[in-house]
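Below is a short briefing on a protein model, grouped by topic. It covers confidence, one helix and two arginine side chains.

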Amino acid sequence: MNASAAPEPRPEPRPEDRPARLTVGVVGAGRVGPALAASLQLAGHRPVAVSAVSDRSRRRAAELLPDVPVVEPARVLALADLVLLTVPDDALPGLVEGLADTGAVRPGQLLVHTSGRYGVRVLDPARRAGALPLALHPAMTFTGTAVDVQRLAGCSFGVTAPEELRLAAEALVIEMGGEPEWIAEDARPLYHAALALGANHLVTLVAQSMELLRKAGVAAPDRMLGPLLGAALDNALRSGDAALTGPVARGDAGTVAAHVAELRKHAPGTVAGYLAMARTTADRALAHGLLKPELAEDLLGVLAADSTTAADGPRGEDR
């Protein structure tokens, strides 16, 4: 969908920079780990163990990594040269400390986490035990199915690693079909916030939009939104703020007021989000010369007046 200039072809890693064929283990069979391990398998590496707790994660591991045994995390580390730590962000520090404290980490073992939030400092307990730390975060949303392996082709990875491991980290990403993008350790939280703002919040906005269209009587809101959102995304990736359109960018205060009134009546839970995005859109449109200052005053007045009511929350039985 991004129509910006295609990047220069990235040279293939030199043979001496390629990781040797590795045994691969996965700690945490959520949506990400099995897909990455399956992708590494396609590149010639060998998945040998996976840890999974819930029935769903066990089924996911069986689908994407058939015949790979499900074992305890410490056993995964005992069997694998390369271990993928694919657990929720908040669980990662405790997991690393626990594995290091129990002696599960082996010197020379590649320990890779896929958290967007953290760089390699979170792996310091394992590093002190001799592990080689890498942070490889795929900038992709995962379904937990085989389609994820296909989607990794061309996917950007946020890569953080010690300088001496940088080539190995980039080579692993390329073997998975991805594009490595170097992220400094201290920039990881900002990098991750940017991705969450764009991707996670987009899902919420689209889901709310589809619900409202159904309430308005649209039988197939997905079919209606598909071309519109595809064009909006394409235009935004091409032109940034210059792609802004709609009543806020035009300064149509009356239309925005009507929107808020309808949302308050039919979907009060969406009002706060609408107002917040409208204010941000107005600020950006004004800063880029798209919204005329003489129209901005009335528009911002509508948004300010409604924000006070929205802060009180929906009234009556909708509270």
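The mean pLDDT of the chain (the predictor's confidence in each residue, from 0 to 100) is 91, and 90% of the residues reach 70 or more. Over residues 1–6 the pLDDT is below 50, and this stretch has seven contacts (heavy atoms within 4.5 Å) beyond near neighbours in sequence. Residues 314–319 also have pLDDT below 50, with four such contacts in the model.

**Basis**
- This is a predicted model, in which local features need pLDDT of at least 70, side-chain atom pairs count only at pLDDT 80 or more, and totals for chains, interfaces and linings use all residues.
- Residues are numbered from 1 along each chain as its sequence is written, and side-chain values use heavy atoms, leaving out hydrogens and water.

**Helix 7**
- Helix 7 (a DSSP run of H or I, at least four residues, numbered from the N terminus) spans residues 166–175, and its buried residues (under 20% relative accessible area, 1.4 Å probe, protein chains only) are Ala-169, Glu-170, Ala-171, Leu-172, Val-173 and Glu-175.
- These buried residues pack against helix 1 (33–42) and against strands (DSSP runs of E, at least two residues), including strand 5 (132–138) and strand 7 (179–182).
- Gly-177, just after helix 7, has a positive phi of about 90°.

**Arginines**
- Arg-60 lies in helix 2 (residues 55–64).
- Arg-60 is buried without a salt bridge (a side-chain nitrogen of Lys or Arg within 4 Å of a carboxyl oxygen of Asp or Glu); Asp-148, the nearest side chain of opposite charge (Lys and Arg positive, Asp and Glu negative, His and chain ends not counted), is 6.9 Å away.
- Beyond neighbours within four places in sequence, Arg-60 contacts Ala-29, Gly-30, Arg-31, Pro-34 and Gly-144.
- The charged end of Arg-166 sits over the ring of Trp-182 (CZ of Arg within 6 Å of the ring centre and within 35 degrees of the ring normal), 4.0 Å from the ring centre.

Methods
Buried means under 20% relative accessible area, exposed over 50%, partly exposed in between (1.4 Å probe, protein chains only).
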